[in-house]
Amino acid sequence: MVLRRQAIIVLAIQALFLGSLWADNNNNNIYALNNNNNNNNDNTKSASSIITSLTNKPSNITITTNSNSVYSIPSTSVQLDRFSTNYTIDGKISSLNNSKDLITSTIVDDFDKNPNIGYIVNSSSSQASSTQLGLPNPFVSKDLINQKITNEIQGAIAAAASSIKSTEKHVEIKCTFGMILANYYCSNK
């Protein structure tokens with residue numbers, strides 16, 4: 001439901017910028033350009049009726065997540081050995097392409113809440129050397145993590161769109177994000 005509301009807000013903002021949505025100060029109504037050819041001269045439609053029709057359409061994109069963490073207790077402390085979070089994005093390629101920013105922000109926001117986000121290193125060599133004293137901080141910033149996730153998701157959606165002839169074909173994109181930033185990837189099946 002939250003995603004649907006966000007999509008409506010994004011669509012309304014885009015319509016405002018495109019000049020196809022405007023307010024009538026006299027009647028306190030919001031109108032949108034209606035491209036239906038109904039033989040009448042009024043080509044406007046109340047924005048509330050457009051929003052109602054948008055919210056009544058079922059969502060055809062699903063995002064699922066699965067997280068795994070492995071901890072060890074070498075003596076009297078707990079050590080995080082590894083973790084990974086897998087995302088699966090399902091839907092028609094046309095829907096994924098049209099909603100790629102919303103899909104990306106949803107996954108980035110979810111991953112940012114991961115309690116292990118502070119333990120992500122750039123490469124496996126960074127992870128091995130992180131236990132030596134006197135070295136700079138091996139952990140990557142949240143901004144770098146978010147940029148990598150964004151690039152992987154949007155790259156996989158673009159690759160799926162270019163490799164599949166029909167935009168109405170169902171596609172499944174799987175993403176894996178863990179402790180090593182260089183190993184982040186998304187692929188479509």
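The side chains of Glu168 and Lys92 meet in a salt bridge, with N and O 3.5 Å apart. This contact belongs to a predicted model. Glu168 sits in the loop between H6 and E6, while Lys92 sits in strand E5, so the bridge ties together parts that are 76 residues apart in sequence. How accessible is Glu168? Its relative accessibility is 45%, so Glu168 counts as partly exposed. Lys92 is also partly exposed, at 33%.

## Salt bridges

How many salt bridges does the structure hold? There are three. The table lists each pair with its N to O distance.

| Pair | N to O distance |
|---|---|
| Glu168 and Lys92 | 3.5 Å |
| Lys148 and Glu152 | 3.4 Å |
| Lys174 and Glu172 | 3.8 Å |

Take Lys148 and Glu152. Both residues lie in helix H6. They are four residues apart, about one turn of the helix. An α-helix has 3.6 residues a turn, so residues three or four places apart point the same way. Is Glu152 buried or exposed? Glu152 counts as buried, at 19% relative accessibility. The cut-off for buried is under 20%. Its partner Lys148 has a relative accessible area of 23%, so Lys148 is partly exposed.

Now take Lys174 and Glu172. Lys174 is partly exposed, with a relative accessible area of 32%. Glu172 is partly exposed too, at 25%.

## The chain as a whole

The protein chain has six helices and seven strands. Along the sequence, their order is α-β-β-β-α-β-β-α-α-α-α-β-β. The chain has 189 residues, and 28% of them count as buried. Many contacts reach far along the sequence. Among contacts with a separation of 6 or more, 58% join residues 24 or more positions apart.

## Helix H4 and its buried face

Helix H4 covers residues 100-112, which makes 13 residues. From its first C-alpha to its last, H4 reaches 18 Å. That is close to the 18 Å expected at 1.5 Å a residue.

Which residues of H4 are buried? They are Ile103, Thr104, Ile107, Val108 and Phe111. Seen down the axis of H4, these buried residues fall within an arc of 125 degrees, so they line one face of the helix.

What covers the buried residues of H4? The cover includes strand E4 (61-72) and strand E5 (79-92). Helix H3 (93-98), helix H6 (142-163) and strand E6 are also part of it.

After H4 the chain enters a loop that leads to helix H5 (124-129), and Asn116 is found in this loop. Is Asn116 buried or exposed? Its relative accessibility is 5%, so Asn116 counts as buried. Leaving aside neighbours within four places in sequence, Asn116 is in contact with Ser69, Tyr71, Leu80 and Phe83.

## The largest nonpolar core

The largest nonpolar core has 31 residues. Those with the most contacts inside this core are Ile89, Phe111, Ile120, Ile145, Ile149, Ile153 and Phe177. Which elements give two or more residues to it? They are E5, H3, H4, H6 and E6. H6 gives the most, with six residues. Phe111 appears in two lists here: it is buried in H4, and it is among the core residues with the most contacts.

Ile153 shows how the parts meet. Not counting residues up to four places away in sequence, Ile153 touches Ile89, Ile103, Thr104, Ile107, Cys175, Phe177 and Cys186. Among these partners, Ile103, Thr104 and Ile107 are buried residues of H4.

## The disulfide

Two other partners of Ile153 are Cys175 and Cys186. These cysteines form a disulfide, with their sulfur atoms 2.1 Å apart. The structure has one disulfide by count. Cys175 lies in strand E6 (residues 170-178) and Cys186 in strand E7 (residues 185-188), 11 residues apart.

Why is the disulfide right-handed? The torsion about the S-S bond of Cys175 and Cys186 is about 115 degrees, so the disulfide is right-handed. Both ends are shielded by the buried criterion. Cys175 is buried, with a relative accessible area of 1%. Cys186 is buried as well, at 12%.

Methods. Residues numbered from 1 in each chain as written. Predicted model: local features only at pLDDT ≥ 70, side-chain atom pairs only at ≥ 80, totals over all residues. Heavy atoms only, no water. Disulfide = S-S within 2.5 Å. Buried < 20%, exposed > 50% of the residue type's maximum accessible area, 1.4 Å probe, protein only. Expected span 1.5 Å × (residues − 1). Arc of directions from axis to C-beta. Contact = heavy atoms within 4.5 Å. Core = buried A, V, L, I, M, F, W, Y, C linked by side-chain atoms within 4.5 Å. Salt bridge = Lys/Arg side-chain N within 4 Å of Asp/Glu carboxyl O.
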